[in-house]
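Dear colleague,

I am pleased to hand over the structure below for your study. Please keep it open while you read the notes that follow.

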Amino acid sequence: PPPPPPPPPRDSIRRQRQMCIRDSAAGSLGSSVMDLLAWQKALEEHKLLSKEGYEKMRTPAHLIDGSSTTYGYGLALGRLEGRTKISHGGGINGFRAQLSHYPDDDLTVVVLCNSGSAHPDAYESRIARAVLDVPEKVVKTIELSEKELALYVGVYDPGRSPLEVSVKDGILTMAGYRLRPVGDHVFLPTVDDYSEIIFTVENGKAVSVRMEREGHVTVAEKSK
């Protein structure tokens, strides 16, 4: 058999490591499922923060116009079929993570994925529904022509990282993810049945999009 290929030069290995591990907490902080469960337990027992401090993290923030958000101090605030859900995800080159806590049921679900293309939030929802005996969502899609889909094409600005919506070969995509129409200007990503992409249409034109996932909401106005 042919000899094995030579190992890559050390500077090449170093460059690859730098792509996956950065000098910041997100990329240089190693953890495990058990570590994150211990972290959540410590928060709940007020060992890391005072009771008042943790309550501030779990309290919806307000914008300067007085409207309430579904985000606290570093925590997403939502609901799963009436149950309070406190969560946050994360990701960096090669890794994705999701931690969700359901205080009404004393349940914490942690999902870690060694892949940048994974969707731990969808896995977490399936696990939580199975544990809490919540039925899976039933999805019924409809057919829309490319002309009908063109109504939603444009760029939407949620305040950071504008989202481009485009259509090609009869498929609508947002930020590269395929969307499935379910009616009334509502779409679901193919990778996540629990996220809803809801377009607001006025005078025959889409003017904004509302992204909702189990009670956590982000709104983006159409910029062009």
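A residue counts as buried when its relative accessible area is under 20% and as exposed when that area is over 50%; between these limits it is called partly exposed. Please bear in mind throughout that this is a predicted model.

With these limits in hand, we may begin with Val33, which belongs to helix α3, spanning residues 33-44. Val33 has a relative accessible area of 33%, and it is therefore classed as partly exposed. On the surface, Val33 joins Met34 and Leu112 in a nonpolar patch, and the accessible area of the three together is about 270 Å².

The second residue to consider is Arg96, located in strand β3. Arg96 is also partly exposed, because its relative accessible area is 24%. Although Arg96 and Val111 are 15 residues apart along the chain, 8.4 Å separates their C-alpha atoms.

Finally, I turn to the largest pocket. The space within it comes to about 1,900 Å³. Its lining consists of 47 residues, and those closest to the centre of the pocket are Asp121, Arg160, Met211, His216 and Thr218. Sorted by class, the lining comprises 19 nonpolar, 17 polar and 11 charged residues. Several elements each contribute at least two residues to this lining, among them the strands β1 (76-80), β2 (83-92) and β3 (95-102), as well as helix α5 (120-132). Further along the chain, β8 (177-183), β10 (195-202), β11 (205-213) and β12 (216-222) each do so too.

With kind regards

Note on methods. Residues numbered from 1 in each chain as written. Predicted model: local features only at pLDDT ≥ 70, side-chain atom pairs only at ≥ 80, totals over all residues. Heavy atoms only, no water. Patch = residues over 30% accessible without salt bridge, like charges linked within 9 Å, V, L, I, M, F, W, Y side chains within 5 Å. Areas by Shrake-Rupley, 256 points an atom, 1.4 Å probe, with all protein chains shown as cover. Salt bridge = Lys/Arg side-chain N within 4 Å of Asp/Glu carboxyl O. Helix = DSSP H or I, 4+ residues; strand = E, 2+ residues; numbered from the N terminus. Buried < 20%, exposed > 50% of the residue type's maximum accessible area, 1.4 Å probe, protein only. 1 Å grid on protein atoms, 1.4 Å probe; cavity = no way out; pocket = protein on both sides within 12 Å on 5 of 7 lines; lining within 4 Å. Points joined across faces, edges and corners; volume = space filled by probe spheres on them. Nonpolar A, V, L, I, M, F, W, Y, C, P; charged D, E, K, R; others polar.
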